[in-house]
Amino acid sequence: MSIASGLDLPVDDAVVLHNSNKLALRLLPCDVLARVAHVGQEAAQFEVELARRFAETRAPVGALEPRVEPRVYERDGFVVTLWTYYESGAPSEISPADYANALVQLHAGMRTVDVPARHFADRVAEAQQLVGSRDRTPGLADADRELLRSTLRIRRRAIEDRGAAEQLLHGEPHPGNVLSTKSGLRFIDLETCCRGPVEFDLAHVPEEVSALYPDVDHDLLRECRILVLAMVAAWRWDPDDQFPNGKQAGRELLAALRKGPPWPALHTVMGRLDDQ
């Protein structure tokens, strides 16, 4: 609030919108979205630079707050970025066709932007390091640890060996990261952007959405779905993870991996938690 006030934005209240590994706040009455993270535990500068570059394209992404300088603000051990606030409906109100079309537009815009970004395999490697260390995931049972370790290794190699075309991706375009706004759908949380095949992004969306995306390699998508289930499961067992119902999510994801095919979309597994 003090950062926003110092930028001549009227603010006398802050409403928590989401609180997990990062905090999202709606500042009022200026109606600005503030994203807050600990210094050193964020990719804020990368996210701001991406948003600035995407503003030059037609990529449907959340915009930075136009009334202030587009940069990262730091105070008291925290970093803050300021974004346009969008009134949004429930994810269930988004039609699969609109979702798929927005994702096609997003990927098209991303192909026009040349920025250094991690490879999806780097994100997999982080998950592998978690499950490979009992100190970093002390609550993970040995059998579960081996399941995740082997799944991450085998599926990562299978995807890389296919040699599919790669491009800049959102990284996690699941329903929680897409907003239905007056100007159409917009994707948010760009810090997960990475390079890889589009099927890696499609592994995060509902099956009825990926079914409408053109020219999908369905064998590759299946491999990516399994990989994403294992990656997200690994993150949920990190003691520092603050995802709501994180441990329950981790158990649900492990159960899905043990059950085997047909492999569910990530949204299907996580959606069951929302319904409980």
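## Cavities in this model

A cavity here is a set of grid points where a 1.4 Å probe fits but cannot get out, and its lining residues are those with an atom within 4 Å of a point. Keep in mind that you're looking at a predicted model. Searching the whole structure turns up 2 cavities of 30 Å³ or more.

## The largest cavity

The largest one has a volume of about 100 Å³. Its lining is made of 13 residues, and Leu 33, Gly 62, Trp 83, Ile 188 and Asp 189 are the ones nearest its centre. Two elements, β3 (32-38) and β5 (78-84), give two or more residues to this lining. By type, the lining of the largest cavity splits into 8 nonpolar, 2 polar and 3 charged residues.

## The second largest cavity

Next up is a space of about 80 Å³. The second largest cavity has 12 lining residues, with Lys 22, Ala 37, Ala 44, Glu 47 and Thr 81 nearest its centre. At least two lining residues come from each of β3, α2 (44-54) and β5. This time the split is 6 nonpolar, 1 polar and 5 charged.

## The sheet and its helix

Now find the open sheet: its 5 strands run in the order β1-β2-β3-β5-β4, with antiparallel pairing. β1 (11-19) and β4 (73-75) sit at the edges with a single partner strand each, so one side of each has no neighbour in the sheet. From one strand to the next, the twist averages 30 degrees.

β1 pairs with β2 (residues 23-29) over 7 bridges, and one bridge links His 18 to Ala 24 in β2. Helix α2 lies across β3 and β5, at about 20 degrees to β5.

Terms used:
Residues numbered from 1 in each chain as written. Predicted model: local features only at pLDDT ≥ 70, side-chain atom pairs only at ≥ 80, totals over all residues. Heavy atoms only, no water. 1 Å grid on protein atoms, 1.4 Å probe; cavity = no way out; pocket = protein on both sides within 12 Å on 5 of 7 lines; lining within 4 Å. Points joined across faces, edges and corners; volume = space filled by probe spheres on them. Helix = DSSP H or I, 4+ residues; strand = E, 2+ residues; numbered from the N terminus. Nonpolar A, V, L, I, M, F, W, Y, C, P; charged D, E, K, R; others polar. Pairing = 2+ DSSP bridges. Axes fitted to C-alpha atoms, helices over the stretch in contact; angles between N-to-C directions. Contact = heavy atoms within 4.5 Å.
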